[in-house]
Amino acid sequence: MASATLTPYLRDERHDNGGEDANGIRPSALTTTVPREYVHRTAVSEVFLTQWRQGDADSWVVSAQWPRAHAFYGPVHGLHDPLLLIESMRQAGILLSHVAHGVPLDHPIIWQRVRYDLLPEALRTTDRPAEVELHITDHDMVHRGKRLASARQEFRIVRDGAELATAALDYSCHSPAVYRRLRGEYCDLDLANSRKLPVPEAVPPQLVARDHDRDVALSPTDRPDRWQLRVDTSHPVLFDHPVDHTPGMLMIEAARQAAQASAPGFTLPVSMECSFARYAELDAPSWVQARTTDRSDDGTRQLTVTVEQHDKPVVSAQITSVPMS
């Protein structure tokens, strides 16, 4: 499918006046979100994409709208949450796998790597929602038979006509049968969730630029640079629907919070690259550790944040954070 008009104009038959509304104006199109199934979301309120169209060969333009307020990805210090960028990329990658590349809706999409580099000024909030365009080019497409098996997507992201970020996403697609073989007994959703650990206490929300315990992804340990990952499966955004493992967006949030906890004031992650090595299960603790690898006179920090489980790497994140006054 090369393009889509998701919601055609529908006349209200109760006030049918030949296609015009009550003021005599006939809209050329209406805006809505893409079907939630296309981005693997249950709550319509968590769908940020609005439409897509094909650009040049092997390229796409996906539109998104970021709200002025959000229960989890809300603005801080007058800036949109940069993780809205990653969530929009996640949704766009899944959307195009289905509508452009024919991946069935029940095939899991698994990340290998995600990165972005952004311009902070383009995150400034205004008195309107942010209109975002993701210009996406497909690379390294691998097929098994007629089915897409893996891909790399390069992004140029524009917000209200201004350059916002460049980014990339590497992912693979698996049939339900292959996923069951990969996951073994952990693919049993009910069994995996029956084994989940109790949610540990949260670090003070202010330490990680959050307002509420429920949005904190880190639990304290006896070391200031190491935390237990808080996996709260009741969280309505990070666990929009039941899953059999710790979601990637939770681990990215934990990496962002670890970088924030390592700084004396509010910082913005202007660059992030996360590599995913394996699944993190719900029945064992995961551990988050942050290490500052470089620091500039202007307060810019380079950090490496890792997530481990059973002493094995799960996620490795390279983050560049800048102080924001």
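Which elements each supply at least two residues of the lining of the largest pocket? I will come back to that after the sheet.

What we have here is a predicted model, in which local features need pLDDT of at least 70 and side-chain atom pairs count only at pLDDT 80 or more, while totals for chains, interfaces and linings use all residues. Residues are numbered from 1 along each chain as its sequence is written, and side-chain values use heavy atoms, with hydrogens and water left out.

Twelve strands (DSSP runs of E, at least two residues, numbered from the N terminus) form an open sheet with antiparallel pairing, in the order β1-β2-β4-β5-β6-β3-β9-β12-β11-β10-β8-β7, where two strands pair if DSSP finds at least two bridges between them. At its edges are β1 (49-54) and β7 (218-220), each of which pairs on one side only. Within the sheet, β4 (residues 130-144) and β5 (residues 147-159) run antiparallel and are joined by eleven bridges, with glutamate 133 opposite valine 158 in β5.

Now to the pockets, a pocket being, on a 1 Å grid over the protein atoms alone, an open set of points where a 1.4 Å probe fits, with protein on both sides within 12 Å along at least five of seven lines, and lining residues having an atom within 4 Å of a point. To return to my opening question, the elements are α1, β3, α2 (176-183) and α4 (248-261), helices being DSSP runs of H or I of at least four residues. The largest share, five residues, comes from α2. For the second largest pocket, the largest share of the lining is four residues, and α4 supplies it.
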